[in-house]
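The exercises below are to be worked with the sequence and the coordinates open side by side. Each task is followed by a solution that proceeds in steps.

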Amino acid sequence: MNHALPYSLIFHRSIYIFLALFAFSIPFWANKYILYVSTIVFINILLAVSLNLVMGFAGQLSLAHVAIYGFGAYSTANFYIVLKIPFMISIFFGAFFSAFVGIFLGFLSIRLKQFYFGIATLSFTMLSHWFFVHGGQITNGASGWPIPKPDFIIASSHNGIFYLSLVITFIVLWFGLNITAGPFGRRLGALADIENACGNLGINIKKLKFEIFIISSFIAGLAGGLLTGVLGFLDPETFHFVNTIIQFLMVVLGGLNSIFGGLVGAIVLTGLWEWVRAFEGLWEIVLGTILLLLMILTPYGLYGFITRKYPKLREPRYALNPSKFKSENNQINYQKIKLENSQNLILVENVSKNFGGVKAIDKISLKIKEGEIHGIIGPNGSGKSTFINILSGAITFDDGNIEICGKKLRNIPSYEIAKLGVSRTFQNFRLSSKLNVLENVLLGSTVRQKHGKGAIIRSHEFIKEEKKFIEEALSALEFVGMLDFIYSKGNELSGGQMRLVEMARGIISKPKIMLLDEPAAGLSIKHVDTASKVILKLKNELGVTIILVEHVLRLVMNISNKVSVLNSGKLIASTSPEKVKELAVVKEAYLGRRKI
Amino acid sequence: MFTASILLINGVAVGGLYALLAMGLVLVFKGSGVVNFAHGALFTISAYLAFSLLKFGLPYFLSIFFAIILTTLIGVIIERIAFRPLIKTADPLIFKGATIACTFVIIGLIRWRFGGLGDYLSLPPLYSFEPIFLGKFTIPSQQLVIIICVTLIMLIFGAFFNYSGIGRLMQAVAEDSEASKVVGINVDRIFLYTWGVGSCLGAFAGVLMAPVTLIYPDMGLIMLVKAVAAAVVGGFDRLGGAIVGGMILGLSEVFLGFFLGTQYQDVIGFIIIIFILTFMPRGLFGSKNLTRV
Amino acid sequence: MIKFSNFVKKLYLILFLASFTLVSTQVYANQGVTKDKIVIGGLSPLTGPNYIYGQLVLNGAEAVFKEAGLINGRKIELAKEDDQCKGEAAVPAAKKIIAERNPFILLGFGCSNATLASMPTILEAGIPSIVAGATNDLITTPNNGLYFRVVMKASEEGAMQAKFVSTIPNVKKVAVVTQKDAWGTAKWEGFMSAAKLAGLNVLTVEEMTVETADATAQALKIKSLNPEAIITILYPKPTIVFLRSAHQIGLTKLPIIGHTSVSDVKDLDSKINLPGALDNFYTISLTSFSPGDPEATKTTALLKKHLPNEELTQYHLWGIAAGELIVEAIKKSGNDLTRKKFVETLQSMNSFKTSVYPAPLSFSKTDHDGYEMGLFTVLKNGNVIKVGTSFKK
């Protein structure tokens with residue numbers, strides 16, 4: 001029994017405060033060099049956090065951050081020097097400009113996958129650098145642009161920019177922690193690992209990608225603006241792609257997938273970078289060797305390494321501590337849906353789907369009643385998975401009509417379908433390895449989330465809602481019998497266990513309909529029985545209508561109310577399980593025309 | 001036309017070098033699923049080794065030969081010591097970080113060892129015969145040698161990869177390492193060979209390129225980026241694609257540099273990448289299974 | 001209520017103690033001068049592709065310092081700090097060396113951008129600086145009182161190229177190949193304004209970068225416009241790349257005017273491996289001889305004596321000149337060595353002969369650009385020959 005995860009929000013806050021106090025005290029005892037380096041540390045923290053959000057949390061290999069950093073710096077300089085806007089406001093304008101550029105990156109990430117996206121961003125960085133060099137009046141080109149140090153009313157220039165950086169960094173860290181320890185962070189975890197399943201979880205991938213790139217670019221833009229003030233000189237070489245490598249190293253060194261990882265990486269790398277000055281001409285060798293060793297020894301990053309030894313230092317991943325909740329606090333309550341004049345929850349009329357000349361689905365018509373467990377069977381290649389994919393919105397259909405809960409489904413995206421109350425499980429286990437079991441289950445609550453934005457400031461409504469969801473998630477896990485595993489990583493379970501977790505995830509989205517795509521696939525006999533029991537419970541205790549695509553005939557026949565048989569895309573039978581077993585046409589479909 | 005033919009020959013020569021480097025990258029990627037960013041450093045090492053051996057007094061051919069062998073060995077050693085543990089356990093991003101750190105170290109070492117001799121060193125060309133005169137222009141010996149060598153290397157390599165036993169095994173492992181294990185292939189050993197061959201290709205490129213671009217510690221960096229660009233254009237997981245990608249990159253740089261303006265020459269490659277990726281998100285020949293979903 | 005556990009207390013204690021390691025513990029005596037030591041800070045690129053303008057120059061100076069031994073009872077200690085030729089590294093490098101070593105003066109400054117970036121910091125600390133590499137005009141013009149330059153500045157170099165071209169008979173139309181980085185831009189701008197004054201017709205300006213592998217496009221473009229001379233503003237490596245492509249299509253029959261970066265023509269010849277390519281290649285030499293010349297024997301020996309692993313290059317020569325100037329200025333400033341005295345002494349040196357430059361260095365209160373004369377050289381039959389008139393500012 002491992003309910004208690006040893007971390008504490010208050011403990012973390014104390015560390016936070018100590019760091020803040022320590023940082024605040026620096027100008028009082030440090031020499032100008034240390035002060036300068038500390039300011040650079042803050043800027044690097046911002047860059048690391050910004051890159052970590054995109055690379056670590058969201059799993060997008062973006063190499064364009066140094067370009068965004070540059071756009072932030074140059075735009076701030078233009079606002080400050082050319083348009084004569086006060087420095088602090090210029091920084092924010094610069095950050096907005098960077099966020100605007102980030103939209104383009106978001107667009108690229110939607111269009112391109114993983115590795116190609118990385119290359120596209122690298123190209124973007126090279127082109128941006130070319131622009132900084134050839135930018136004429138706008139960027140002052142390769143010769144560099146000296147920027148007069150900004151004056152602060154209450155402090156000298158050096159101290160002023162230090163404190164400004166400090167304040168901005170702490171706000172960004174606080175913001176980053178808040179949004180990642182909550183629904184947004186979970187959605188990012190889903191995006192990173194199970195992107196194809198996101199739609200079915202009610203996550204609008206396009207919107208999420210734009211969001212993450214805009215936020216991350218804004219932060220990088222802030223860093224650029226601050227650089228303008230502290231360095232006093234803008235040089236295109238600062239934004240050369242080689243510096244992307246430095247930022248990348250910071251994130252990797254500290255630890256992906258955690259805000260404090262970015263913090264640790266930035267501090268360590270900046271510190272090391274300056275420390276190796278002692279080696280003069282040999283600094284590259286020394287630094288490279290140290291980094292190489294660190295990476296080999298701590299493959300999960302320094303912060304990951306530290307938190308393995310001292311779990312108390314792990315940053316909070318939930319808004320609240322789940323070990324404080326008991327699952328019996330909240331019974332999952334479902335109301336049976338009242339549909340007017342209609343007993344059919346799902347209506348499928350003459351639906352067809354072609355894949356380049358092959359008719360995967362050929363004029364299928366089905367009616368599925370509320371409260372039914374409807375099995376769908378058929379030999380390989382008969383179109384079962386295609387059918388489920390169409391119902392869940394993963395693929396579009398060509399002809400015919402589908403209505404779910406009275407709403408016509410004409411090529412609406414899967415996340416909209418999810419919002420209608422349709423949930424599904426997947427044949428090949430779609431749990432995110434970046435999240436633990438509890439977080440994976442919490443993903444199911446995405447469709448019901450109303451106060452997600454409140455996470456930024458930890459609003460009262462948000463906390464209340466999170467509490468409710470956590471309690472429901474725990475109840476759901478108990479329902480499927482997986483309560484002992486809530487802190488295991490999403491991919492550390494056996495197949496059967498993952499399937500059950502998927503179902504729990506489905507449950508807390510309070511679906512009207514669940515689509516189970518081969519729930520017995522890859523399960524041992526024992527687990528098949530458990531799955532059967534859970535499916536029956538879903539229908540009997542929670543009133544969920546279930547469509548079940550399956551190969552394991554034993555499972556389907558035992559629990560279904562009605563069974564439909566597909567063959568070569570056509571519906572060849574749709575009746576009770578007993579009758580289906582007898583039908584010759586079904587036998588023929590499976591076994592061919594030979595006599596047995 | 002005079003201009004077009006000069007552009008063509010030089011473009012093909014440069015493109016051939018990019019292609020060679022890209023092939024090394026793609027090979028390792030296909031073979032072990034990781035992108036080796038230290039590839040550029042290997043390229044640099046081989047050039048410096050050739051220079052040192054030549055200075056030491058070895059005849060030209062032997063210098064080149066040993067430089068390539070040594071570099072291949074170094075590539076394999078680095079893989080065994082530094083990367084093997086990481087490939088298995090860590091996030092691919094960590095691995096990339098490690099290869100980058102490795103590059104740092106290598107470049108630093110080279111600069112330390114050779115820096116005092118001047119900022120760049122030169123390697124005499126493979127053959128110093130009189131340039132060939134065709135009509136009004138000359139084909140310098142080195143460009144011709146490059147084209148011939150690159151073609152030979154690719155042919156030999158292609159034959160090796162497709163028709164030899166080991167080559168076939170490498171293909172199998174690249175296709176599906178799990179399945180290969182199941183049928184009894186010593187996947188570990190094959191990884192070794194893959195890295196070896198990849199490093200070898202990089203070493204060849206270094207030795208061929210050195211007389212043209214001269215030897216300097218940072219030569220690997222920009223070449224690596226160009227190699228990656230070439231590989232991406234071709235669709236990162238096809239060797240043939242790497243060749244095509246390299247050619248396209250080299251020819252574009254030269255032709256478009258001439259027609260659009262030399263100030264764009266160094267970013268042509270990236271404009272092409274963005275252009276191609278916008279319309280063909282998987283590169284020209286990239287297969288659909290490149291990114292497992 | 002916040003409880004401070006033991007662990008947290010330990011953490012804070014560690015942080016607190018660690019902070020002391022950051023505080024500077026070396027406090028040097030007034031202005032970097034003690035009764036037996038003078039600390040000179042070497043701020044320049046020690047690594048990276050531009051290390052030739054930093055590390056090698058400083059090594060030349062170091063040989064001179066070591067050879068000078070005790071000056072008025074004090075030995076010179078050269079403390080180097082790497083600015084990596086980048087603004088973002090130059091600022092912390094300057095702050096560090098000032099905070100930790102408090103150098104008497106600073107020397108080096110191989111790259112313009114790094115120099116400009118670190119200037120406010122250094123001026124704020126009031127440290128006189130000797131610039132032995134960077135050419136951007138802004139470093140000494142307008143005169144900030146503390147920076148002294150011992151190499152030509154960009155506008156002067158460009159003007160020299162233009163003046164030289166105008167002395168070649170029948171040459172009015174020229175083509176330019178330049179790097180558009182900080183180094184190249186400064187010189188190119190200098191050339192363009194001087195070219196206008198000299199009445200030259202600039203047909204085209206082609207670009208290359210330090211890493212450009214192939215200059216076919218540039219060479220063809222230039223050939224298609226039929227210039228009468230070509231100006232190159234390139235580092236040695238891209239110069240070779242360009243000359244190769246140019247030679248391939250017969251451009252090397254035209255006069256090609258190079259730059260201080262390639263003042264060692266013999267070295268260029270040994271690396272280009274193309275007979276005939278340098279027949280018409282004229283370049284500016286800041287020094288009156290090249291490392292391979294017979295006149296270089298003494299200097300070569302000096303370097304070998306103090307830095308046995310170094311081979312003499314043109315960059316070492318610049319450093320040697322700077323070193324000699326500094327040693328002389330320190331000597332002349334006497335026992336009571338202050339920065340103010342040093343500046344005044346330098347400003348009074350209006351004719352200091354170095355062992356490497358063709359003309360003496362000349363400073364005054366208003367003019368901190370000491371370098372007065374450059375030479376054009378060309379390679380004829382394996383010998384470096386001085387060409388035409390030398391150019392005074």
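**Exercise 1. An aromatic cluster in chain A**

In this predicted model, ring pairs join A:Tyr69, A:Phe71, A:Tyr74, A:Phe97, A:Phe104, A:Phe124, A:Phe131, A:Phe132 and A:Phe239 into a cluster. Determine how the rings of A:Phe132 and A:Phe239 are arranged, and whether A:Phe239 is buried or exposed.

*Solution.* Over all chains, the rule counts 36 aromatic pairs. For A:Phe132 and A:Phe239, the ring centres are 5.7 Å apart and the planes stand at 65°, so this pair is classed as edge-to-face. The next step is to place the two residues: A:Phe132 belongs to helix H5 (residues 114–134) of chain A, while A:Phe239 sits in the loop between strand E2 (233–234) and helix H10 (241–254), so that the pair links parts of the chain 107 residues apart. Finally, A:Phe239 has a relative accessibility of 0% and therefore counts as buried, and A:Phe132, at 1%, counts as buried too.

**Exercise 2. A loop asparagine**

Classify A:Asn31 as buried or exposed, and find which backbone atom lies 3.0 Å from a polar atom of its side chain.

*Solution.* A:Asn31 is located in the loop between helix H1 (9–29) and helix H2 (32–57) of chain A. Its relative accessibility is 18%, and because the cut-off for buried is under 20%, A:Asn31 counts as buried. The atom sought is the backbone nitrogen of A:Tyr33, which lies 3.0 Å from a polar atom of the A:Asn31 side chain.

**Exercise 3. The surroundings of B:Ile68**

Find which residues are in contact with B:Ile68 once its neighbours within four places in sequence are left aside.

*Solution.* Begin with helix H3 (residues 60–89) of chain B, which contains B:Ile68. With those neighbours set aside, B:Ile68 is in contact with B:Cys200, B:Ala203, B:Phe204 and B:Val207. At 7% relative accessibility, B:Ile68 counts as buried.

**Exercise 4. The interface of chains C and B**

Describe the interface between chain C and chain B, and state which element gives the most residues to the side of chain C.

*Solution.* In the contact count, 33 residues of chain C meet 41 residues of chain B. The area buried between them is about 3200 Å², with carbon and sulfur atoms giving 58%. On the side of chain C, C:Lys237, C:Gln248 and C:Lys271 lose the most area, together 21% of what that side buries. The rule finds zero salt bridges across this interface, whereas nine residue pairs are in polar contact. Helix H8 of chain C gives the most to that side, with seven residues, and the residues of the side divide into eleven nonpolar, ten polar and twelve charged.

Terms used
Residues are numbered from 1 along each chain as its sequence is written. Chains are lettered from A and ligands numbered from 1 in the order in which they are written. This is a predicted model: local features need pLDDT of at least 70, side-chain atom pairs count only at pLDDT 80 or more; totals for chains, interfaces and linings use all residues. Side-chain values use heavy atoms; hydrogens and water are left out. Contact means heavy atoms within 4.5 Å. Buried area is the accessible area (1.4 Å probe) that two parts lose on being put together, summed over both. A salt bridge is a side-chain nitrogen of Lys or Arg within 4 Å of a carboxyl oxygen of Asp or Glu. A polar contact is a pair of N or O atoms within 3.5 Å; within protein, one must be able to donate a hydrogen and the other to accept it, and residues adjacent in sequence count only if both atoms are side-chain atoms. Helices (H or I, at least four residues) and strands (E, at least two) are DSSP runs, numbered from the N terminus. Ala, Val, Leu, Ile, Met, Phe, Trp, Tyr, Cys and Pro count as nonpolar, Asp, Glu, Lys and Arg as charged, and the others, Gly among them, as polar. Buried means under 20% relative accessible area, exposed over 50%, partly exposed in between (1.4 Å probe, protein chains only). Rings of Phe, Tyr and Trp (its six-membered ring) pair if their centres lie within 6.5 Å; planes under 30 degrees apart count as stacked, over 60 as edge-to-face and the rest as tilted.
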